[in-house]
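Colleague: I am new to this structure and would like a close look at a single part of it, the interior. Please take me through the packing there and the empty spaces around it.

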Amino acid sequence: VTPEVTLVAKCETVAPLYADKGLYGETRFDIYTVAPDSTMTHVGWTSFSPMPGCCGVVVSHGTHLEDKFRHGYVSDAFRRLKNKVAVALGYSMMIATTDMSNIPAVGNMIKSRYKITHTFPNKRTGRLIGLGVKKLGL
């Protein structure tokens, strides 16, 4: 049985957040667990940016989950919370990239239900990059 975990996303930004209208610019969300006694523990962060020219797509980037919270129920809840935040902001699709040589990152992208639609070499680093696309609200 998977333990129940409560996560919250907190955002301190100068750019306004518009429910159902998306973001004005790049926005970082700090993610915390909330214990039954209301104690909050920082577990990681993620950033979203609106895709220029398309108000229905959000770009997920800069995501980090602290090592001790990886590979378990907190990481699963973290992925679900990212989706909930994006949907609450009115997005219907999320995109992200990953370094295809980083097997844990590719695995996380697949667990997050991205479909890796394209791969391409990054001309600056020479690394193979995967572009992931995910429909939200399903």
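**The core and the spaces around it**

Modeller: Leu7 is a good place to start: setting aside neighbours within four places in sequence, Leu7 is in contact with Ile31, Tyr32, Thr33, Val43, Val74, Ala77, Phe78 and Leu81. The model is a predicted one, and what follows should be read with that in mind.

Leu7 belongs to the largest nonpolar core, which has 22 residues. Leu7, Ile31, Val43, Phe48 and Met94 are the residues with the most contacts inside this core. Two or more core residues come from each of strand 4 (27-34), strand 5 (40-51), strand 6 (54-65), helix 1 (73-88) and strand 7 (93-99). Helix 1 gives the most, with six residues.

The structure holds one cavity of 30 Å³ or more. The volume of the largest cavity is about 30 Å³. Its lining is made of Ala9, Phe29, Ile31, Thr46, Phe48, Leu81, Lys82 and Val85. Ile31 and Phe48 are thus met again: they line the cavity and are among the residues with the most contacts inside the core. Strand 4, strand 5 and helix 1 each supply at least two residues of the cavity lining, and helix 1 gives the most, with three. By class, six of the lining residues are nonpolar, one is polar and one is charged.

The open spaces come next. The largest pocket holds about 790 Å³ of space. It is lined by 28 residues, and those nearest its centre are Thr63, Pro104, Ala105, Asn108 and Met109. Strand 6, helix 1, strand 7 and helix 2 (103-111) each supply at least two residues of this lining. The largest share comes from strand 6, with seven residues. The lining has nine nonpolar, 14 polar and five charged residues.

Two of the residues nearest the centre of that pocket, Ala105 and Met109, are also contacts of Thr98. Thr98 is found in strand 7 and is buried, with a relative accessible area of 8%. Apart from neighbours within four places in sequence, Thr98 is in contact with Ala105, Val106, Met109, Leu128, Ile129 and Gly130.

The second largest pocket has a volume of about 370 Å³. Of the 14 residues that line this pocket, Arg80, Asn83, Ser112, Arg113 and Lys134 lie nearest its centre. Helix 1 and strand 9 (128-135) each supply at least two residues of the lining. Helix 1 provides the largest share, six residues. The lining divides into three nonpolar, three polar and eight charged residues. Helix 1 therefore has a part in several of these places: it gives the most to the core, gives the most to the cavity lining and provides the largest share of the lining of the second largest pocket, as helices are assigned here.

One further point concerns the cysteines. The count of disulfides comes to zero. Cys54 is in no disulfide, and the nearest cysteine sulfur, that of Cys55, is 6.1 Å away. Cys55 is likewise in no disulfide, its nearest cysteine sulfur being that of Cys54 at 6.1 Å. The two sulfurs are not counted as a disulfide because the pair would have to lie within 2.5 Å. Cys54 is partly exposed, with a relative accessible area of 34%, while Cys55 is exposed, with a relative accessible area of 69%.

How values were computed. Residues are numbered from 1 along each chain as its sequence is written. This is a predicted model: local features need pLDDT of at least 70, side-chain atom pairs count only at pLDDT 80 or more; totals for chains, interfaces and linings use all residues. Side-chain values use heavy atoms; hydrogens and water are left out. A nonpolar core is a set of buried Ala, Val, Leu, Ile, Met, Phe, Trp, Tyr and Cys residues joined through side-chain atoms within 4.5 Å. Buried means under 20% relative accessible area, exposed over 50%, partly exposed in between (1.4 Å probe, protein chains only). Helices (H or I, at least four residues) and strands (E, at least two) are DSSP runs, numbered from the N terminus. Contact means heavy atoms within 4.5 Å. On a 1 Å grid over the protein atoms alone, a cavity is a set of points where a 1.4 Å probe fits but cannot get out, and a pocket is an open set with protein on both sides within 12 Å along at least five of seven lines; lining residues have an atom within 4 Å of a point. Grid points are joined across faces, edges and corners, and a volume is the space filled by probe spheres set on the points. Ala, Val, Leu, Ile, Met, Phe, Trp, Tyr, Cys and Pro count as nonpolar, Asp, Glu, Lys and Arg as charged, and the others, Gly among them, as polar.
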